[in-house]
Amino acid sequence: MADGSGEVSASEIAVHWQEEEYYPPPPDFVAQANLTDPKVSERFALENFPDYYHEFGDLLDWYKPWDTVLDSTNPPFWRWFVGGELNASYNCVDRHLAGSKNKTALYFIPDSEDEPIEAITYQELYVRVNEFAAYLRDGIGLRRGDRVTVHLPMLAELAVTMLACARLGVIHSVVFGGFSAQACADRIVDSGSSVLITSDGYWRAGKWIDHKEKADQACDLAAGEDHRVEKVLIWERHRGQYRSEHPLVEGRDVVIDDVIGEFRGQRVEPEHMRADETLFLMYTSGSTGKPKAAQHSTGGYLSYVTAMSKLILDLKPTDVYWCMADIGWITGHSFIVYGPLSLGASSIIYEGVPNHPDAGRPWRIAERLDVNILHTSPTAIRLLRKDGPEEPKKYKYHFKLMVTVGEPIEPDVWRWYYNVVGQQESAIVDTWWQTENGGFLCSTVPALLPMKPGSAGPGVPGIHPVIYDNEGNEVPAGTGKGGNICIRNPWPGSMMGIWGNPDRYVATYYARYCKDRESKDWRDWPYFAGDGAMLASDGYFRILGRIDDVINVAGHRLGTKELESAALMVPGVAEAAVVATRDEIKGIMPEIFVSLAPGVSPSEELGRRVIDSIVREIGPIARPRKVWLVPDLPKTRSGKIMRRVLASVSNREDVGDVTSLANPEIVEQIREMVQAERLGHT
Ligand code: WT7
């Protein structure tokens, strides 16, 4: 589907599978489900907006109740539960002490199967969060509203750190541990953090990764932009053993275990935060420029993830819930930390990778801890199916519900998930949403609606999606025509803005379909998600993929411009274009086409430098599958690079009519080059 700009879009290589048969919700699941009221869609009908979100706010404990559910007087800067005061750390920890302090809040599962699993009770979490909060406040001097960058791998200390920040009203900005020092530095500078929290290292698939190195580099890179990191706080992967090869920097670095003893037994009164104060920042990629930070609120966000965990994940305090995402992404924030802990459930933090030491690992974990809700991505499912298609059958476990998120799931992959992993006993929810949204936008309600492989489903209770064509006309259900999916109404989990850049917030998400920029009526401000989608006659949405210059690799968002700028830093590179290509496991992988400056000749070495630069600037997740060094890039007569044509070449599809390009002959040259190489490989 073209977005009118003539540019590439991931949805052009989207899956166009047939409409599938329905699968009814499993009766045992329905019998115990949280949400079985068939009137739910009436309760959440648009005419009851915004009052129906009362139900979400009511799931939390408030110091002061709100006066107004939604203040929409300054669109599109929505403010939820205005007048209310609460604390996220209190809601995720303290409020469970009276009834279940001995219950496991977090399981930490180390990478190695020989290292014991750690079970952290709510009481223990309370103690750790308070002591660390006391240190951050009294040892470091952090105050409400300060920003802190957290560059940690999947350790329980990451959740402790977030909750300690939340307790103080300190805004955390967690950077995915696999991101590069440069990516970390960019986020430190943009958020204005003077404190970086990191670890000495971690284990990944049996290998020790020295992580402290990145902190040193990130501080240097930030200094290069006149930004000083005052303190680097280091959690040790193995308490009491500093294992990094990179020594502490005098006056700047502190090993947390060396100082935390001083704060033993301290308790920190949670700050009474206004509902619309910022809880955290989460950076994500967009079409242009550097990644931007979605700014999430305390009251709206927490009520939304709590409600989604309860209604869509069917989470109960007695459940053992495993979300395999990384906490460094929004999925982990919402569905490893805030949602499950707010409901008082047991949530798993797994250090390792799904198929280490073999593809039976997840099912052994499920068996051992009696996990009954599993949350993962199509990429992980494809990987586990490829590495061990019969593996799940060897273990005794029972999932009542399974989640898929991050990319469209092929019906065939869905069926393996359902039949083999779920043993036909589990409900599945395919949840569509984004970093900016806080929680789900489309999904079936698991006990009420049948599942349809490959379709996310209708809007979740409270969310009213619509598809518009490029001219702003509504695309009706059942036409088989795609369009741009938008949300008609604001919702509490939505970001409050882009940190430090209100104009970019309006331009990216609201300008496209705003009916009247002067209007104060929320109905005139639909949210533009940036995805292509199709609406079937049953009201189910099928997500086709990004329509902007964003590609979704293994469920992680990358801006093509970010990869291209990294390639352009290599001397000799004249122009670069990134395209999305199909991949058997990761769904989509980037390939990059590079043209060289006059007099520079192509070499393997140059191709390697392009890859190195991308990995250094962004991280290994952005590594292109292939660098094509080409004589020139196909362009329109006005000089615009035709990424769509390149994507067709890479995906071995028809390139269409290219005669109107400025240099049509180059397309054939590139096609021959790509084909020759592909044939050589197969
Ligand atoms: C993009 C958001 C928040 C979830 C993790 C990714 C794609 C997400 C689905 C789904 C098809 C999906 C969209 C979206 N996406 N979930 N269930 N089916 N596509 O968060 O990094 O902000 O990426 O992921 O393209 O725009 P993100």
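This dialogue explains how to read several features of a predicted model.

Reader: Which residues of helix α15 are buried?

Author: A residue counts as buried when its relative accessible area is under 20%. In helix α15, which spans residues 411-421, eight of the eleven residues meet that condition, and the helix is mostly covered. They are P411, V413, W414, W416, Y417, Y418, V420 and V421.

Reader: Against which elements do the buried residues of α15 pack?

Author: Their partners are two helices, α13 (361-369) and α14 (378-387), together with the strands β18 (373-376), β19 (401-405) and β20 (427-431). Just after α15, Q423 takes a positive phi of about 50 degrees.

Reader: How should I read the place where helix α6 meets helix α7, and at what angle do their axes cross?

Author: One considers the angle between the axes: values from 65 to 115 degrees count as roughly perpendicular, under 35 as roughly parallel, over 145 as roughly antiparallel, and the rest as oblique. The axes of α6 (residues 122-139) and α7 (residues 156-168) come within 8 Å and cross at roughly 60 degrees. Therefore α6 is oblique to α7. The crossing is right-handed.

Reader: Which residues make the contact?

Author: From α6 come L125, Y126, R128, V129, N130, F132, A133, L136 and R137, while α7 supplies E157, V160, T161, L163, A164, C165, R167 and L168. By character, the residues of this contact are eleven nonpolar, two polar and four charged.

Reader: How many aromatic pairs does the structure hold, and how is one of them classified?

Author: There are 46 aromatic pairs. The classification depends on the angle between the ring planes: over 60 degrees is edge-to-face, and under 30 degrees is stacked. The rings of Y301 and Y338 have centres 5.8 Å apart and planes at 90 degrees, so this pair is edge-to-face. The pair links distant parts of the chain, with Y301 in helix α11 (residues 299-311) and Y338 in helix α12 (residues 330-342), 37 residues apart. Y301 is buried, with a relative accessible area of 0%, and Y338 is likewise buried at 0%.

Reader: Is the pair of W414 and Y418 stacked or edge-to-face?

Author: W414 and Y418 are stacked, at 5.3 Å centre to centre and 15 degrees between the planes. In general, an α-helix has 3.6 residues a turn, so residues three or four places apart point the same way. W414 and Y418 both lie in helix α15, four residues apart, about one turn of the helix. Both residues are buried.

Reader: Which residues do ring pairs link into a cluster?

Author: The cluster includes F44, F49, Y52, Y53 and F56, as well as W62, W66, W80, F81, Y304 and W522.

Reader: What is the phi of F81, and is the residue buried or exposed?

Author: F81 has a positive phi of about 55 degrees although it is not a glycine. This residue lies in strand β2 and counts as buried because its relative accessibility is 0%. D370, also not a glycine, has a positive phi near 55 degrees. D370 is found in the loop between α13 and β18 and is exposed, with a relative accessible area of 51%.

Reader: Where are the cis peptide bonds of P76 and P357?

Author: The omega angle identifies them. Between P75 and P76, omega is about -5 degrees and the bond is cis; P76 is in the loop between β1 (68-71) and β2 (79-82). The bond from H356 to P357 is cis, with omega near 0 degrees, and P357 lies in the loop between β17 (346-350) and α13.

Technical notes:
Residues numbered from 1 in each chain as written. Predicted model: local features only at pLDDT ≥ 70, side-chain atom pairs only at ≥ 80, totals over all residues. Heavy atoms only, no water. Buried < 20%, exposed > 50% of the residue type's maximum accessible area, 1.4 Å probe, protein only. Contact = heavy atoms within 4.5 Å. Axes fitted to C-alpha atoms, helices over the stretch in contact; angles between N-to-C directions. Left-handed = near helix turned anticlockwise from the far one by under 90°. Nonpolar A, V, L, I, M, F, W, Y, C, P; charged D, E, K, R; others polar. Phe/Tyr/Trp six-rings, centres within 6.5 Å; stacked < 30°, edge-to-face > 60°.
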